[in-house]
Amino acid sequence: MTQEEKRALFAPTRRGFLKGSAATLALAATAGAYSFGTWQVEQAAAAGGNLAKGPSLCNGCSSKCGLFATTMDGRLWIVNGMEDHPYAKGTLCGRGQGTAQWAYDDERVTQPMKRMEDGSFEPISWDQAYKEIAEKVKGIIETAGPEALAMIQDPRPSGKYYTKRFINALGSNNFYTHGAACNLSKESGIEQAIGASNYSVDWPNTKMVVFIGRSYGDGIRPSSVQSIAAAAERDTRIVIVDPRLNNTGIFASDWIPIKPGNDIAFLLGIANVLVTKDLYDHAFVEQHSVGFPEFAAQVAEYTPEWAEGICDVPAEKIVEIAEALAKAAPACAIEPSWRAAFGCAHQNSFETARCVCAVNALLGCWGQKGGALITSSPKAGEVDPIKFPSVPKPAGTRLGDTEFPLVSSSMGTNLAVLDGCLNGKIEGVFFYNSNAVQGYSQPAKWREALDKAKLVVSVDIQMSETCMQSDYVLPECTVLERMELPEFIGGKKHYVAMRTKVLEPVHPEPKPCDQIFSELARACGVGQYFDFTVEELAAAQLATVGASIEEVTEKGIVELSNPGFSYGVPKFKTPTEKFQFISEKVGAAGFNPVIGYAPRLVEPAADEFYFVGGKQGIQSHTMTLNLESLNAISREYDLERVWLSTADAQKLGIADGDTVELSSSEFTGRTRAKVTERLKPGVVFLPTHYGNTSPYLTRARDLGLNFMDFVPFHMEPGVGAAMTQEVAVKVRKVG
Ligand SMILES: Nc1nc2c(c(=O)[nH]1)N[C@H]1C(S)=C(S)[C@@H](COP(=O)(O)OP(=O)(O)OC[C@H]3O[C@@H](n4cnc5c(=O)[nH]c(N)nc54)[C@H](O)[C@@H]3O)O[C@H]1N2
Ligand SMILES: Nc1nc2c(c(=O)[nH]1)N[C@H]1C(S)=C(S)[C@@H](COP(=O)(O)OP(=O)(O)OC[C@H]3O[C@@H](n4cnc5c(=O)[nH]c(N)nc54)[C@H](O)[C@@H]3O)O[C@H]1N2
Ligand code: SF4
Ligand SMILES: [Mo]
């Protein structure tokens, strides 16, 4: 099929089989090479408005794409993706456009809020909020020690610095990212194999790429969409392994519908073919790996027929894919994925990540042109230790690290905080840019846990479900209204980018996070570590990496000195300095040290379904549904619907658009059905952006179902991830 024919198949106007979605629209905009916005800017100029332009970084998701915001008479007029930003490459996705409007949103939180006895919120002054929070912090430290405090944040340029400094200054090591509900298992597993937490495909030169539950067309980053679009034009073979034909399908040559959570068997089947048919890279394995003999012995059992029995992919297909990969090697790779199949979803996610790395090792594609690249990242420069004193490292270990010894040290498992609140080890929790309650494990369990804590504080821009569980909500100004610390970006080339203040604050009270945490630190008696402004720190961090704050704030992004990337087998930063088919650390943690099979936890009974989730192009996580423009798209296209396969729908007597009831061991809820050929029978797919419950978010509230409500609170052994898809659901027609 030509690319043109495929596009026609996915076109948003087409009804019936492969009916297009708003996600496809967003994707088309992202892949397109046309420039958006020139016309608007011309119109503004013609209207005689006073135009100004400043750089920032989108906060619509963790990609933090570079953008230029143009204002007319001080009001936001248009945002454009930055040409030189490696993730934007001149384009913003639909969420980038939508979230840019947040400054003007009518349901922002615009004053500090305090939760009353009856659960309602009252405005409170900043000074009063700081005073009361500080009293509680001091009380917790006195009675339970600083280790009873924790900070959970989704890393942002200033946020990750100030929140860590704050919690460490109070004497606690309990600093976590959102990772347990995103990519914690994957990064932890990859680390054990290659000594780095991630890698990338060398898209411009690759001949074949296999996706294991990752969709560039749904979990969007503009540059990724552009890379895959260009590769598809070159007839690169792109294989999608996914129970659902996702919106990357437009670029794909194969769709392999797989039983969710069983990707590990597919990968081991491929490994078996490569080893038993002697199709693997002997030179790589002999010179650059440890544990291959043990791995090869074990892999002998994982025949394609064995794999078929587990993952439901025909043995012949596994053999064909393995042989095609071997033929394309080393200019091919298994893509590293991000969240879905093995980021945090299953009991075997950590091990699946190791298996992905093992297949790449057999293909000898590490560091090769067209293969899997491990690149480096720049860091903030050294700063004057008198002006910016380091915070002494708190004593003790971060909660969760002992029980989950394989957890990636840069993330930790935030679910240790949930557990810690339940068992009394944690008494005070801070959240920054985090809607943990709605997204990191079962919301009911988070509520139960946070109800037990003595102090919960959220720094947010709207009254999220986590804010609803907080004693104090401190409003941050939105992203275009604030400057932040420099953001350093790695890859084949190194860059530094910055958010600048392009809009004057729309509301008087919200503050940027550097100010909030510095002031809170002063109130808590640790202000000596915050005796500088964000401008001073930014300038200092840049000065020692050869960039100036003037240059970065003017251009938005600056390329740093060339890191000297070159192709060739990398030096693996593992303890053995080799690729590890065997890991001593994994063995010491009580697991099979040799990369191999591990089962998923929950198998659906005869009347149950596998339950999988995924992104939609125009929404982010749990936070964007209340934005007027993005909410309107979801409603117009009925995007909140649950997907059922045509075969299953027929059996259950369900037609497209019918209301259905979904129930798991944890939760029962209703929504409408989307009946489609694009889903493997036996599987139910629910988009993950719906079911907000906060009464303050009136547009989002009660639209669709929240995936996480259905999932029990449990943690993946070894790493402590949320195992977000270890649950089965029942479906029945109700209307
Ligand atoms: N639109 C949008 N884009 C985003 C984000 C967003 O929120 N919205 N967030 C960003 C972030 S933080 C992340 S982590 C990435 C996530 O990016 P992805 O990991 O690509 O995200 P998903 O859409 O969750 O999952 C991709 C596919 O995996 C499939 N899948 C689910 N379970 C399984 C399984 O067990 N096996 C296999 N083989 N496939 C499975 C789903 O059907 C789905 O099509 O997206 C980034 N980009
Ligand atoms: N139900 C569900 N859960 C999920 C996901 C999902 O798609 N659905 N995705 C998973 C993934 S891949 C990830 S990466 C994580 C993401 O984890 P989070 O980043 O916690 O996810 P969000 O749900 O986007 O919540 C972000 C919160 O930050 C707030 N916020 C937005 N902008 C700002 C700002 O400028 N300043 C401050 N202080 N706050 C701001 C939002 O209002 C929201 O409350 O969630 C994971 N959990
Ligand atoms: S991928 Fe989209 S939402 Fe995410 S940072 Fe880039 S433009 Fe913003
Ligand atoms: Mo994520």
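A polar contact is a pair of N or O atoms within 3.5 Å. Keep that cut-off in mind, and remember that this is a predicted model.

**Stop 1: the contact that uses the cut-off**

Select Val 241 and ligand 1. A backbone N or O atom of Val 241 lies 3.0 Å from a nitrogen atom of ligand 1, so the pair falls within the 3.5 Å limit and counts as a polar contact. Now add His 621: one of its backbone N or O atoms is 3.0 Å from an oxygen atom of ligand 1. Then add Arg 214, which takes part through its side chain, with a polar atom 2.6 Å from an oxygen atom of ligand 1. How much of ligand 1 does the protein bury? Taken alone, ligand 1 exposes 910 Å², and the protein buries 99% of that.

**Stop 2: the shell around ligand 1**

Next, show the 36 residues around ligand 1. The nearest of them are Arg 214, Asp 242, Asp 263, Lys 615 and Gln 619. Try colouring this shell by class: you should find twelve nonpolar, 16 polar and eight charged residues. Then highlight strand β22 (residues 609-614), which gives the most to the shell, with three residues.

**Stop 3: the domains**

Zoom out and colour the chain by its domain assignment. Domain 1 is made of 110-178 + 414-476 + 512-526, domain 2 of 189-376, and domain 3 of 609-733. The C-alpha centres of domain 1 and domain 2 lie 39 Å apart. With the colours on, look back at ligand 1. Domain 2 and domain 3 both give residues to its shell, so ligand 1 lies between them.

**Stop 4: ligand 2**

Which two domains does ligand 2 lie between? Domain 1 and domain 3 both give residues to the shell around ligand 2, so ligand 2 lies between those two.

Select the 28 residues around ligand 2; Asp 154, Tyr 440, Asp 460, Thr 622 and Thr 688 come nearest. By class, this shell divides into eight nonpolar, 14 polar and six charged residues.

Now look for three contacts. A backbone N or O atom of Asn 435 is 2.8 Å from an oxygen atom of ligand 2. For Val 459, a backbone N or O atom is 3.0 Å from a nitrogen atom of the ligand. Gln 462 uses its side chain, placing a polar atom 3.1 Å from an oxygen atom of ligand 2. On its own, ligand 2 has 910 Å² of accessible area, and the protein covers 98% of it. The elements that give two or more residues to this shell are α16 (436-439) and β16 (455-460).

**Stop 5: follow β16 into its sheet**

Keep β16 selected and switch to a cartoon view. β16 belongs to an open sheet of seven strands in the order β5-β4-β17-β16-β15-β6-β7, with mixed pairing. Look at the two edges: β5 (121-123) and β7 (175-176) each have a single partner strand, so one side of each is left without a neighbour in the sheet.

Back in the sheet, β16 pairs with β17 (residues 472-475) in the parallel sense, over four bridges. To see one bridge, select Val 457 and its partner in β17, Tyr 472.

**Stop 6: the whole chain**

Finally, show everything. The protein chain has 24 helices and 27 strands. Its C-alpha trace spans about 70 × 55 × 55 Å along the principal axes. A compact globule of 735 residues would have a radius of gyration near 27 Å, and the 25 Å of this chain agrees with that.

Technical notes: Residues are numbered from 1 along each chain as its sequence is written. Chains are lettered from A and ligands numbered from 1 in the order in which they are written. This is a predicted model: local features need pLDDT of at least 70, side-chain atom pairs count only at pLDDT 80 or more; totals for chains, interfaces and linings use all residues. Side-chain values use heavy atoms; hydrogens and water are left out. Domain bounds come from an automatic or database domain assignment. A residue is near a molecule or strand if one of its heavy atoms lies within 4 Å of it. A polar contact is a pair of N or O atoms within 3.5 Å; within protein, one must be able to donate a hydrogen and the other to accept it, and residues adjacent in sequence count only if both atoms are side-chain atoms. Accessible areas come from the Shrake-Rupley method with a 1.4 Å probe; for residues, only the protein chains shown count as cover. Ala, Val, Leu, Ile, Met, Phe, Trp, Tyr, Cys and Pro count as nonpolar, Asp, Glu, Lys and Arg as charged, and the others, Gly among them, as polar. Two strands pair if DSSP finds at least two bridges between them. The radius of gyration is taken over C-alpha atoms; the globule rule is 2.2 Å times the number of residues to the power 0.38.
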